[in-house]
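I opened this entry to look up how the ligand is held by the protein. My notes follow the display.

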Amino acid sequence: MSFFKRIFSSEKKETLDKGLEKSKTTFFSKLSKAVAGKSKVDDAVLDNLEEILVSSDVGVDTTLKIITRIESRVAADKYLGIEELNKILQEEISGLLSETNTGEATEFVIPKDKKPYVLMVVGVNGVGKTTTIGKLAFQFKKAGYKVVLGAGDTFRAAAIDQLQIWADRVGVPIVRQNMGSDPASVAFDTLQSAVAQDADIVIIDTAGRLHNKVNLMNELTKVKRVMQKVVSDAPHDVLLVLDGSTGQNAFEQAKQFTAATEVTSLAVTKLDGTAKGGVVIGISDQFKIPVKYIGVGEGIEDLQVFNKHEFVDSFFK
Ligand SMILES: Nc1nc2c(ncn2[C@@H]2O[C@H](COP(=O)(O)OP(=O)(O)O)[C@@H](O)[C@H]2O)c(=O)[nH]1
Ligand SMILES: [Mg+2]
């Protein structure tokens with residue numbers, strides 16, 4: 001038995017438009033150059049388009065799919081202005097993303113019978129894990145859930161303090177130990193505390209050292225195993241956070257993490273202030289795991305539920 005409760009507000013179009021501004025203007029100016037002075041969509045225009053998509057971090061595989069769709073849609077000798085080409089791109093990319101099997105806009109659904117619901121957040125250093133946890137905790141609390149945070153990134157003292165700052169800002173309890181302590185032990189304590197407090201949601205931060213795959217797997221497996229001593233089916237979700245401003249690097253991290261541990265959802269951060277927003281299009285096409293959230297700023301409200309179609313609309317507007 002689970003119930004759906006809308007957690008995030010839907011008044012977000014403006015923030016999304018603003019967050020994607022740099023990606024959009026960069027893309028559009030490249031596109032304008034590609035079609036300037038051309039009287040039809042010929043091979044040269046398509047080659048340019050391919051280059052623009054790849055350089056906008058959409059990724060090679062997804063770009064090829066898009067080009068194939070455009071090719072089969074546009075007669076080679078037809079004249080198309082930039083507005084029309086932009087519109088066709090928007091439609092074809094939206095169509096392509098509809099075919100991926102990750103469904104439409106979703107956020108975390110908190111089932112009633114999972115109490116506490118345990119979310120583990122993973123990803124390399126600096127991608128925005130702690131910030132995303134703070135933003136999520138804010139939304140969950142606002143929706144009426146009782147939230148507890150676990151400071152599982154024990155590798156850096158600053159990481160624990162940073163989560164503390166977010167916990168204070170949001171007004172939720174945090175379970176922490178000293179720097180250097182065992183992350184599995186922190187996770188265990190956090191779950192015990194959450195059960196004792198009758199909390200609804202636990203969010204566990206983790207260390208983001210660039211491990212090799214075996215170490216990463218061992219560490220995360222241990223954290224999971226220890227958590228299961230308290231909540232037998234924890235974690236209920238593993239959220240991988242990726243830094244969108246790193247473009248293709250985010251792709252690589254997604255590949256490494258999904259190979260090392262069972263990731264159930266993705267968040268792509270820092271889409272504001274980067275021209276690499278196209279990476280989200282590639283990631284949602286290439287990975288079977290849904291992008292659930294996007295980060296569009298450092299503020300507490302700058303996290304949005306990712307909706308493919310709204311995203312593409314905003315990108316090509
Ligand atoms: N502009 C912007 N900055 C972000 C976003 N998410 C996180 N950051 C910043 O990225 C930096 C690293 O974030 P942090 O949460 O500490 O990453 P962690 O090491 O993975 O926990 C911080 O300065 C955050 O404020 C975002 O969506 N947009
Ligand atoms: Mg952190």
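I began with the make-up of the shell around ligand 1: three nonpolar residues, nine polar and six charged. The model is a predicted one, and I read everything below with that in mind.

Next I asked which residues come nearest to ligand 1. Of the 18 around the ligand, these are G126, K129, T131, D272 and E298.

I then looked up which element gives the most to this shell. Helix α6, spanning residues 129-142, does so with four residues.

Polar contacts came next. For E298, I found an N or O atom of the side chain 2.6 Å from an oxygen atom of ligand 1. K129 takes part through its backbone, where an N or O atom lies 2.8 Å from a ligand oxygen. K270 also uses a backbone N or O atom, and I noted 3.0 Å between that atom and an oxygen of ligand 1.

I followed this with the cover on the ligand. On its own, ligand 1 has 580 Å² of accessible area, and the protein covers 81% of that.

Where does ligand 1 sit? I found the ligand in the largest pocket.

Last, I checked the annotation. An unreviewed UniProt entry places the feature "domain: SRP54-type proteins GTP-binding" at residues 290-303. Over residues 290-303 I read 0% helix and 43% strand. The C-alpha atoms at the two ends of that stretch are 16 Å apart. I noted that E298, with its side-chain contact to ligand 1, has a number that falls inside the annotated range of 290-303.

Technical notes
Residues numbered from 1 in each chain as written. Chains lettered and ligands numbered in written order. Predicted model: local features only at pLDDT ≥ 70, side-chain atom pairs only at ≥ 80, totals over all residues. Heavy atoms only, no water. Near = heavy atom within 4 Å. Polar contact = N/O pair within 3.5 Å; in protein donor to acceptor, adjacent residues only side chain to side chain. Areas by Shrake-Rupley, 256 points an atom, 1.4 Å probe, with all protein chains shown as cover. 1 Å grid on protein atoms, 1.4 Å probe; cavity = no way out; pocket = protein on both sides within 12 Å on 5 of 7 lines; lining within 4 Å. Sits in = over half its atoms within 2 Å of the grid points. Nonpolar A, V, L, I, M, F, W, Y, C, P; charged D, E, K, R; others polar. UniProt positions renumbered as here; feature names shortened; annotations may be inferred.
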